[in-house]
Amino acid sequence: MTQPSPLTWPTWIGVVVDDLERQRRFWGDLLGVDEHHSGPDFVHFNMRTGEDFEVIERSAEPQYDRRRFQVGFEVDDIASAREELIQRGVEPVTDVIGGDSSSPWAYFRDPEGNVFEIRQRADLDSDSS
């Protein structure tokens with residue numbers, strides 16, 4: 001029997017690119033949505049359906065070291081999901097990143113070297129008072 005997974009349907013797609021400004025214009029026009037936020041090496045778009053699309057400039061960091069598409073899976077608990085993936089033999093690329101002002105995330109490689117992300121689900125109760 002297959003073991004249940006901590007991963008849900010992908011909620012994030014990232015594209016690692018060489019020319020951030022050119023790709024920013026291309027994807028912004030193609031997607032037809034405004035930028036949600038950006039930094040010197042990324043542009044983040046929120047899709048109308050609630051998922052995230054991010055354009056990331058290629059760098060020396062292992063998760064961004066070459067052009068590619070990457071998917072991100074939502075998990076309930078980043079620490080336990082990361083540990084479970086490692087126990088299953090999945091190669092980690094990074095430790096857990098972020099978490100102070102955003103949902104924490106971590107990167108892994110599949111058996112052919114494709115990079116994917118896991119991201120802890122945002123605390124939905126923080127907005128309700």
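**Entry 1: helix α1 and its ion pair**

I started with R24, which counts as buried at 17% relative accessibility (buried is under 20% relative accessible area, exposed over 50%, partly exposed in between, with a 1.4 Å probe and protein chains only). Its partner E21 counts as partly exposed at 41%. The two side chains meet in a salt bridge, 2.7 Å from N to O; the term asks for a side-chain nitrogen of Lys or Arg within 4 Å of a carboxyl oxygen of Asp or Glu. Both residues sit in helix α1, 3 residues apart, about one turn of the helix. Helices are DSSP runs of H or I with at least four residues, strands are runs of E with at least two, and numbering goes from the N terminus.

Notes to self on the source: this is a predicted model, where local features need pLDDT of at least 70, side-chain atom pairs count only at pLDDT 80 or more, and totals for chains, interfaces and linings use all residues. Residues are numbered from 1 along each chain as its sequence is written, and side-chain values use heavy atoms, with hydrogens and water left out.

**Entry 2: other salt bridges**

I looked up the total: the structure holds 10 salt bridges. One of them joins D18 to R67, with the closest N and O atoms 2.7 Å apart. This pair links distant parts of the chain, 49 residues apart: D18 is in the loop between β1 and α1, and R67 is in the loop between β4 and β5. D18 is partly exposed at 36% relative accessibility, whereas R67 is exposed at 59%.

I also checked R66 and D65, whose side chains meet at 3.6 Å, N to O. R66 counts as partly exposed at 39%, and so does D65 at 28%. Salt bridges with shared partners join D18, R58 and R67 into one network.

**Entry 3: the sheet**

Next I traced the strands. They make an open sheet of 8 with mixed pairing, in the order β2-β3-β4-β1-β5-β8-β7-β6. The edges are β2 (35–39) and β6 (91–92), each pairing on one side only; strands pair if DSSP finds at least two bridges between them.

β1 (residues 10–17) and β5 pair in the antiparallel sense over 6 bridges, and W12 stands opposite G72 in β5. Helix α2 (residues 78–87) packs on the sheet, touching β5, β6, β7 (105–109) and β8 (115–120), and its direction makes about 145° with that of β8. Contact is heavy atoms within 4.5 Å. Axes are lines fitted to C-alpha atoms, for helices over the stretch in contact, and angles run from 0 to 180 degrees between N-to-C directions. Helix α1 (residues 20–31) lies across β1, β2, β3 (42–46), β4 (52–57) and β5, at about 5° to β3.

**Entry 4: strand β7**

Is β7 buried or exposed? I found 5 of its 5 residues buried, so β7 is largely enclosed by the rest of the structure. W105, Y107 and R109 are buried on one side, A106 and F108 on the other.

β7 runs antiparallel to β6, with 2 bridges, and E91 stands opposite R109. β7 is also antiparallel to β8, with 5 bridges; there Y107 stands opposite E117. β7 and β8 form a hairpin with 5 residues between them, and G113 in the turn has a positive phi of about 95°.
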